[in-house]
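Biologist: Could you take me through one part of this predicted model up close, in plain words? I'd like to hear about a pair of charged side chains and then whatever lies around them along the chain.

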Amino acid sequence: MTFGDFSTDKIRRTLGEWEAQQLQGIEETELLQRQLENDLRVAAEAATTATKQLCRTCREVETLNEKLNEERKTHETTKLAHDEALQKTDALRCTISKKQKLLERHQTAAAMLKSQDCDIYRAYKESIEIFRAWAGFRILPIPGNQIKFVFNLMDMEQPSREYSFVLGLEDGCYRAIECNPLLTQFTALVKDLNQHQQLDRFVKTMRLAFLSQGSTDRND
């Protein structure tokens, strides 16, 4: 049976080819659909993994921020302690500087006093040489920065009788320590000695005072 140029067999073959093409198209569509579903599943898994990774990253960022805040607080505390230490150091340096200046002043004063003491000691020696020659005069150092002056040859009846007085020396000044026999004017004479710093005159005055008292004692 034929229909124009188309025979039944040809139509059947054409329909068969068309059906085969349709089936192939359906299979390809199903394959594409499965591939798409697989791609979507992989993409979803990747998205889930990325989301989890993002969450971990966010937590790590939060942790880092917390550590950064702690370090900032620690830094601020350390800076505050450092500033306080600097202030204390500056105050200590200022105190040391003041004490150093005070020490220098004390050293200068001590040097001046030492120089004065040396001058006084030289005056002692000069006076000793003068009086030793004619007055039976001796000078004896005593522990505690004191000096004892001793006269004899003053009493014609008792030439060996001793008259003495003790002076202390402190910070360039004389102190009345002892006088034997006691002279009522001893303290006043020492005060005059400190004012005029004339040791030889003081020793002569003391000798004359002892002589005067000795004469009074003999007359009595």
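Modeller: Let's start with E170 and R175, whose side chains come together in a salt bridge, with 3.3 Å from N to O. Side chains of opposite charge can pair when their charged atoms come close. How exposed are the two partners? E170 is partly exposed, at 44% relative accessibility, and R175 is partly exposed too, with a relative accessible area of 34%. Neither figure is under 20%, so neither residue counts as buried, and neither is over 50%, so neither counts as exposed.

Now for where these two sit. Strand β5 covers residues 163–170, and strand β6 covers 173–180. So E170 belongs to β5, while R175 belongs to β6.

Let's go back along the chain for a moment, to the loop that comes between β4 (146–151) and β5. L153 lies in that loop, and its backbone does something worth a look: phi is near 60°, a positive value in a residue that isn't glycine. Is L153 buried or exposed? It's exposed, with a relative accessible area of 54%. P159 has its place in the loop between β4 and β5 as well, but P159 is partly exposed, at 41% relative accessible area. P159 also has a partner to look for in space: G136 is 23 residues away in sequence, and the two C-alpha atoms are 9.4 Å apart.

Next, go forward past β6. Which residues are joined by a cis peptide bond? They are N180 and P181, and omega there is about 0°. P181 is in the loop that links β6 to helix α2, which takes us straight to the helix.

Helix α2 runs over residues 186–196, and F186, L189, V190 and L193 are buried in it. Why do these four belong together? They cover an arc of only 100° around the axis, so they end up on the same side of α2. Turn to the other side of α2 and you'll find T187, A188, K191 and Q195, which are exposed. If you colour the two groups differently on your screen, you can follow the buried set and the exposed set along the helix.

Just after α2 comes Q197, with a positive phi of about 55°. Like L153, which has its own positive phi, Q197 is not a glycine. Q197 lies in the loop between α2 and α3 (199–219). Its relative accessible area is 38%, so Q197 is partly exposed.

There's another charged pair in this stretch: R201 forms a salt bridge with D192, and their closest N and O atoms are 2.8 Å apart. R201 counts as partly exposed at 36% relative accessibility, and D192 is partly exposed as well, at 28%. D192 falls within α2 (residues 186–196), and R201 falls within α3 (199–219).

For a pair within one helix, look at D83 and K79. Their side chains meet in a salt bridge, 3.3 Å from N to O. Both lie in helix α1, four residues apart, or about one turn of the helix. D83 is partly exposed at 27% relative accessibility, and K79 is partly exposed at 46%. In total, the count comes to five salt bridges, and E170 with R175 is one of them.

Helix α1 covers residues 8–134, and E66 lies in it. E66 is also one of the residues in a negative surface patch, together with E62, E70 and E71.

Finally, zoom out to see where all of this fits. The protein chain has three helices and six strands. Along the sequence, the pattern reads β-β-α-β-β-β-β-α-α. Of its 220 residues, 19% count as buried. So when you return to E170 and R175, picture a partly exposed E170 and a partly exposed R175 joined by a salt bridge, with the cis bond between N180 and P181 further along and helix α2 after that loop.

Definitions and conventions: Residues numbered from 1 in each chain as written. Predicted model: local features only at pLDDT ≥ 70, side-chain atom pairs only at ≥ 80, totals over all residues. Heavy atoms only, no water. Patch = residues over 30% accessible without salt bridge, like charges linked within 9 Å, V, L, I, M, F, W, Y side chains within 5 Å. Areas by Shrake-Rupley, 256 points an atom, 1.4 Å probe, with all protein chains shown as cover. Salt bridge = Lys/Arg side-chain N within 4 Å of Asp/Glu carboxyl O. Lys, Arg positive; Asp, Glu negative; His and termini not counted. Charge placed at Lys NZ, Arg CZ, Asp CG, Glu CD. Buried < 20%, exposed > 50% of the residue type's maximum accessible area, 1.4 Å probe, protein only. Arc of directions from axis to C-beta.
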